[in-house]
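New page in the notebook today. I'm opening a chain I haven't looked at before and jotting down what I look up as I go.

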Amino acid sequence: MTKLTIILQNSDFFTSQCPRLYHLLATFGHKYTIYETNDYAKIAKECFVLADDHAYIRRFNIDQSRFTYALDDEETTASLNSRFDEFLQETSQMLSTTKLDP
C-alpha cells in the first residue's frame, strides 16, 4: 500500500504557504497524512526522507542545504525508520482540511 506520512514541527508554514500540498491533503486524505509534533519533540533538528526500506535522503543540518542519500543502505534506513516511529509517537495532532464548527 502506498502512503505518504509527513511529520512537521510547526504546521503554520504548511497551512499558509503550501496551498498545493494542502489541496492534495483534501483530495488524497486516505493516502496522505500530516502530523505535528508535540512540544517535547520540537527540539529535534533532524530532517530526512525515507523512500522505502532501502533508500533515504538525510540533511546534515536543518539550516544548510547539504545532504546525503543512499539507495541500498538497509542498516541506516532501519535506524532512520526507527527514529521516524519515535517522532510519530510524539505527535500531538493530525492536520485536516475539514473544519469543525464549535
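In which helix is the place of L21? I looked it up: L21 sits in helix 2, which covers residues 19-27. A reminder to myself before going on: this is a predicted model.

**Entry: L21**

I checked how covered L21 is and got a relative accessible area of 36%, so it goes down as partly exposed. Then I asked what L21 touches once its neighbours within four places in sequence are set aside, and the list came back as F14 and Y32. For Y32 I also looked up the spacing: L21 and Y32 are 11 residues apart in sequence, and their C-alpha atoms are 10.0 Å apart in space.

**Entry: the whole chain**

Next I stepped back for the overall layout. I find 3 helices and 6 strands in the chain. Reading from the N terminus, I noted the order of elements as β-α-α-β-β-β-β-α-β. The C-alpha trace spans about 45 × 30 × 25 Å along its principal axes.

How much of the chain is made up of buried residues? The chain has 102 residues, and 20% of them are buried. The exposed surface comes to about 7800 Å², with 52% of it supplied by carbon and sulfur atoms. I looked up charges too: there are 10 positive and 15 negative side chains, and the centres of these two sets lie 8 Å apart.

I also wanted to know how far along the sequence the contacts reach. Taking contacts between residues at least 6 apart in sequence, 62% of them join residues at least 24 apart.

**Entry: I7**

I picked I7 to see one such reach for myself. I7 belongs to strand 1, residues 4-8. Its relative accessible area is 22%, so I put I7 down as partly exposed; the cut-off for buried is under 20%.

How far apart are I7 and L88 in sequence and in space? They are 81 residues apart in sequence, yet 7.1 Å apart from C-alpha to C-alpha. L88 also turns up among the contacts of I7 beyond four places in sequence, along with Y35, T37, F84, F87 and T91.

**Entry: E36**

Then I turned to E36, which lies in strand 2, residues 32-37. Is E36 buried or exposed? With a relative accessible area of 10%, E36 is buried.

I wanted to see what a glutamate side chain meets there, and found a polar contact: the side chain of E36 pairs with the side chain of S11 at 2.9 Å. S11 is also on the contact list of E36 that skips neighbours within four places in sequence. The others on that list are L8, Q9, N10, K42, T91, S92, Q93 and L95. I see T91 in my notes twice now, as a contact of I7 and as a contact of E36.

**Entry: cysteines**

Last stop. How many disulfides does a search of the whole structure find? It finds 0. C18 is in no disulfide, and the nearest cysteine sulfur to its own, that of C47, is 13 Å away. Likewise C47 is in no disulfide, with the sulfur of C18 as its nearest, 13 Å off. A disulfide needs the two sulfur atoms within 2.5 Å, so that spacing doesn't qualify.

I compared how covered the two are. C18 has 17% relative accessibility, so it counts as buried, whereas C47 has 29% and counts as partly exposed.

Terms used:
Residues numbered from 1 in each chain as written. Predicted model: local features only at pLDDT ≥ 70, side-chain atom pairs only at ≥ 80, totals over all residues. Heavy atoms only, no water. Helix = DSSP H or I, 4+ residues; strand = E, 2+ residues; numbered from the N terminus. Buried < 20%, exposed > 50% of the residue type's maximum accessible area, 1.4 Å probe, protein only. Polar contact = N/O pair within 3.5 Å; in protein donor to acceptor, adjacent residues only side chain to side chain. Contact = heavy atoms within 4.5 Å. Areas by Shrake-Rupley, 256 points an atom, 1.4 Å probe, with all protein chains shown as cover. Lys, Arg positive; Asp, Glu negative; His and termini not counted. Charge placed at Lys NZ, Arg CZ, Asp CG, Glu CD.
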